[in-house]
Amino acid sequence: MTLTKHTVIAVSFALATVLSSDAVFAEAEAAPPSDVTEERADTAPPPDEGQLLRVVDLDPATDPAVTIAVQACAGLCNRNRGGSVFTRMDKKDAQWLENLTLQPDAQVNTEQFLEVCRTEFPRYVRYSYKKQQPLLPNILTVSAVLEAIPIAEEMDIQWGDLVFDATAVFADIDTPYLATRYVYEHYVNETTGLAMLNPGYSRDGEKVWNPELTGDMESSLIDFVFSKKLFVMFLVNGCITNTEQGALLNEIVSVNPWPKPIGVYGYANYWLVFGGYLFEAQTLCAESRNMGAIPTEVNNLSFFSTRRAPITDPEEIPQNALESVDYDPTKTDVAFIVGDGDNINFMMGTRARWIRQRAEACNKGDAFCPPLTWSISPHLARLAPDVLKWYYKMSRETGKDYFMLPPSGHLYAYPASLEETTMQGNFVAATEADARLFGTRSTVHWDFYNTWQYAEEVFLPKYATMNGAVNGVFPVNVPYMLPTGTWNPHQFFKVITGRDGGRVVLFRPREWRGVHDNGGPLDKEFYLSPEKMAQELGAYPRGTVTGIYMTSDGGLNLQNSVMELVTMLPEHVRLVSADTA
């Protein structure tokens, strides 16, 4: 995306109008720190390591109503018998079967699987996919709570016991607002968390407040919804103040049985403004300021999260020993960070492919294997512990790969905008627990464009304690790569001191998004070729210590960026891990 001066002005006006950023925070419901990192675990039996594995081949071209029914049944199977059903929808799913050497005991198609489901789960919810598509989030919530399969009229299939008729119940409450209110009033106390799943609205239309229904529902997280009994909603204007949807969302996130801050599964892919989803981090969405995102538009989380217990012991995922280097004022030390690790879909897809490429490169020798740090979701420890172990295993094969917390630590959120009395403290406690488990002392940090000064003066010092788990913070400019406005031209890091004398290092934001020298006037520095990036690093003053955050939304990948860069760096530029920096 290229920003012009007029674009920046328009963005600032839109943000000021929509967000009412100076609004008083509502008092948030308090939750003890121990509730922050764990979900209610009363919906699933202990994992059975001897459980038989059934793999369901689910063609992406399958009718969407059939896909929903299959994913719902997979989630219920895994809820009742941990790690028993795996759906294979694409190459990514097939690759994980190979990565983890999973041997299925049976392979079935969708028709065969639904026959099994009809016997095992005879309860069903009737609905119409064609007529009630905007209400699918609400229908899924009811179905998950009632342990019933959602069966569309269009499927023309006989099931067992009808326990909820959405075609009748929602006949006169047939808007997302009315249906969401009904489900909230009747079922919220039987759910364990919150998810936002788009039923098929256009993501890039001009009328962001009234998008057209142009596609089918993204089905990849539905299995997890059913395994965890999540409350699903998708209120396009839920983050807009002075609307009925906004009032309802505020009520829902303020009064519920979920841990706080609320980690929102799925993705808030609405209100696409100048190339970015305005509310994707969730934090600015409600007056209570008690939410952050857990980006999880990915398949088979019900399988991975139930086939074994979560990882709680750091010894199970030992980090590589840090490099044996000392600070040298004649050197320039740079930590390259593979970004977007908060997005579990990336961790299950592109990043898994990249770390395999990295292992191949490291086999060629140290010259092709500089230290590299990967941001990685702390939620993998419970959502997909075997996947997390695989990443750490791959890192030990190279000996040069390290892991750190992604933006912004425990959740993809704007932490300085969280409610200050309780939510910020809970967030810091959860992030520090994550850091200790993952064996890192570093985190990537995002904040909103107008809160960076507050973040540096009030929020980030919360990490600066004598025995703090987080010692290094690598910030990223958001949204739209607008500058933070708190740095001197030649300043590469700041040392923040906390109340008890503890310290944390805050690094200057620096991103690398593309490699074709094709950025606009305000963001060209984010799209440098490896040659120009090498020149920039070489021109830094000797003694500089800094970090570069790499993200792929501008066409960057591992091969065309840092793997080419290492052959071009001046001799005095030394690559190090984030923790070493």
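The following exercises, with worked solutions, concern disulfides, burial and strand pairing in a predicted model.

Residues are numbered from 1 along each chain as its sequence is written, and side-chain values use heavy atoms, with hydrogens and water left out. In this predicted model, local features need pLDDT of at least 70 and side-chain atom pairs count only at pLDDT 80 or more, whereas totals for chains, interfaces and linings use all residues.

**Exercise 1. Disulfides of the structure**

Task: Determine how many disulfides a search of the whole structure finds, and state the pairing of the bonded cysteines in sequence order.

Solution.

Step 1. A disulfide is taken as a pair of cysteine sulfur atoms within 2.5 Å. The search of the whole structure returns 3 disulfides.

Step 2. Cysteine 73 is joined to cysteine 117, with an S to S distance of 1.9 Å. This pair links distant parts of the chain, 44 residues apart: cysteine 73 lies in helix α2 (residues 64-80) and cysteine 117 in helix α4 (residues 110-120). Helices here are DSSP runs of H or I with at least four residues, strands are runs of E with at least two, and both are numbered from the N terminus. The angle about the S-S bond is -105°, a left-handed link.

Step 3. Cysteine 239 is joined to cysteine 285, with an S to S distance of 1.7 Å. This pair also links distant parts of the chain, 46 residues apart: cysteine 239 lies in the loop between β8 (231-233) and α10 (244-254), and cysteine 285 in the loop between β11 (276-277) and β12 (291-295). The link is left-handed, with -75° about the S-S bond.

Step 4. The sulfur atoms of cysteine 362 and cysteine 369 are 2.0 Å apart and form a disulfide. The value of 75° about the S-S bond makes this link right-handed.

Step 5. With the bonded cysteines numbered in sequence order, the pairing reads 1-2, 3-4, 5-6.

**Exercise 2. Burial of cysteines, and an unbonded sulfur**

Task: Classify the bonded cysteines as buried or exposed, and explain why cysteine 77 has no bond to the closest cysteine sulfur.

Solution.

Step 1. Buried means under 20% relative accessible area, exposed over 50%, and partly exposed in between, for a 1.4 Å probe and protein chains only.

Step 2. Cysteine 73 and cysteine 117 are both buried, and so are cysteine 239 and cysteine 285. Cysteine 362 counts as buried because its relative accessibility is 13%. Cysteine 369 is buried, at 2%.

Step 3. The closest cysteine sulfur to that of cysteine 77 belongs to cysteine 73, at 4.0 Å, and is therefore too far for a bond. Cysteine 77 is itself buried, with a relative accessible area of 1%.

**Exercise 3. Strand β14 and its partners**

Task: Identify which strands are joined to β14, and state whether its faces are covered or not.

Solution.

Step 1. Two strands pair if DSSP finds at least two bridges between them. Strand β13 (residues 332-338) runs parallel to β14 and is joined to it by 2 bridges. Tryptophan 374 in β14 is the bridge partner of valine 338.

Step 2. Strand β15 (residues 401-404) also runs parallel to β14, with 4 bridges joining the two. Methionine 404 in β15 is the bridge partner of serine 375.

Step 3. Both faces of β14 (residues 372-375) are covered: Leu372 and Trp374 are buried on one side, Thr373 and Ser375 on the other.
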